[in-house]
Every structure is written in structure tokens, then in C-alpha cells.
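User: Could you take me through the aromatic rings in this one? I'd like a close look at how they pair up.

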Amino acid sequence: MKQQPTNSERSNLWYPLIAFLIVASVFLALFGTYKIRQHINYQRMIAAQKKFEEENNPVLKHERKFIKQVAQPSVQLYRQDHKVLPSIVIAQAILESNWGKSKLYTEANNPFGIKGTYNGNYIIYETGEYINHKHITEKGQFRKYPNLQAAIEDHNQALYDKFLNRNDNITDYREEAKLLQKNTYATDPDYAKKLIRVIKAHDLEKYDQEAMQK
């Protein structure tokens, strides 16, 4: 008759299996930790590379500089009178002046495309308009300002009086953008959508929040 293994013999059989499982678990834990650290380091490297490229990209540097130039006086002005949201001011400046590259801005400090004269000063400039749903180019008389600060202040009052219906209770840039289009600040049928898109793309709403802080 064949003898059954004793309890001691059964225990001796389990020891190698338990030891193997422990070693395997430790190995998997170490390997998992290594892979996680490797992934984290890779993500850090990508983020550092992206930051370096952004900081040294001439186009992005110009855009950041232009936003800052318009944002600072816009925030200060909104804190004083609560008329036009800074995000709207910045987005309009970006769209109308092509990031400050237009002749109207470089020669007349007019980043908003406001027509007419300013203290008798003006510049003749070609502009695109939508007439009967067709885009045409025509020459017009545009205001010429001594500096950007004067342009922002004049733009602020013009929008408040003529296009925002003296509504100083608007705190949502979407609402303000749609009101500008409704009151035909621009003839472009997609003007409000373009403003909103620019604000979202460049996180310009943060300047509204900054301006509203006491």
C-alpha cells in the first residue's frame, strides 16, 4: 500500500511555490515601478521640450507680447468703469490687426479697425467688408491714435455707447461677442464665433477674472 505524504512533506512542497510567487510579485512590482517612472520621465521630457520650443518660438513670443500689451491697459480700464471685458478687447485687437501686424496698427496705433477721425487725425486704409454676403475690399477713413492706450480708451467708450447699449452688467464674453455682432460692429457674419474662438484658444477669459477681482 502506497504511503500518503505527511504534513511536513506537503509543507516542503509548498515552500518553493510560495518563494517563487514572492519573487515574481517583487519582480513585477519593481518592473511596474520602473515603467511608471520611465513614463513620468518621458512626459516630463516632452513637457520641457514643448516649453522650450514655445519660449523660443518667435511667433509665439510675438503673440504673447501682443496679448500682454493689450491686456494690461484693458484690465485696468475695466476695473475703473466695468464697460468692456478685457477678453473682448484683446480678441478684437488680435483679429482686426492680425496680431499687431497690420498697417493700420503700425502706422496709426489702431488695432480695432475703428473708422472716422480721432482729434482730427486719420489714415486711409484698405479693409475687407461683407456686403450682401459678398466679401469686398474698399478704402476707408480710420482713426489715428497717438498710442495704444488712447486707442483702447476710445474703443472702450465707442463699444459701450454704440454696440453694447450702455450695458455694464455683462460678465460673459460670449454674450458680449454676440451683442457686438447683433449690433453690427463688423459685417462678418461669423464675427462673434471668431471672437469666441480666439478667446478660448488663448485663454483670454483669465483677464476678465483678473479684472473682476477686488
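Analyst: Sure, let's look at the rings. The structure holds 6 aromatic pairs, where rings of Phe, Tyr and Trp (its six-membered ring) pair if their centres lie within 6.5 Å. Take F66 and W99: their ring centres are 6.3 Å apart and the planes sit at 65°, so this pair is edge-to-face (planes over 60 degrees apart get that name, under 30 count as stacked, and the rest are tilted). The pair ties together distant parts of the chain, with F66 in helix α2 and W99 in the loop between α3 and α4, 33 residues apart. Helices here are DSSP runs (H or I, at least four residues), numbered from the N terminus.

Are these two buried or exposed? F66 has 2% relative accessibility, so F66 is buried, and W99 is buried too, at 11%. Buried means under 20% relative accessible area, exposed means over 50%, and partly exposed is in between (1.4 Å probe, protein chains only).

For a stacked pair, look at Y185 and Y191: 5.9 Å centre to centre, with 25° between the planes. Both Y185 and Y191 are buried. Back at the other pair, ring pairs link F66, W99 and Y105 into a cluster.

Some background: this is a predicted model, where local features need pLDDT of at least 70 and side-chain atom pairs count only at pLDDT 80 or more, while totals for chains, interfaces and linings use all residues. Residues are numbered from 1 along each chain as its sequence is written, and side-chain values use heavy atoms, with hydrogens and water left out.

Definitions and conventions. Helix = DSSP H or I, 4+ residues; strand = E, 2+ residues; numbered from the N terminus.
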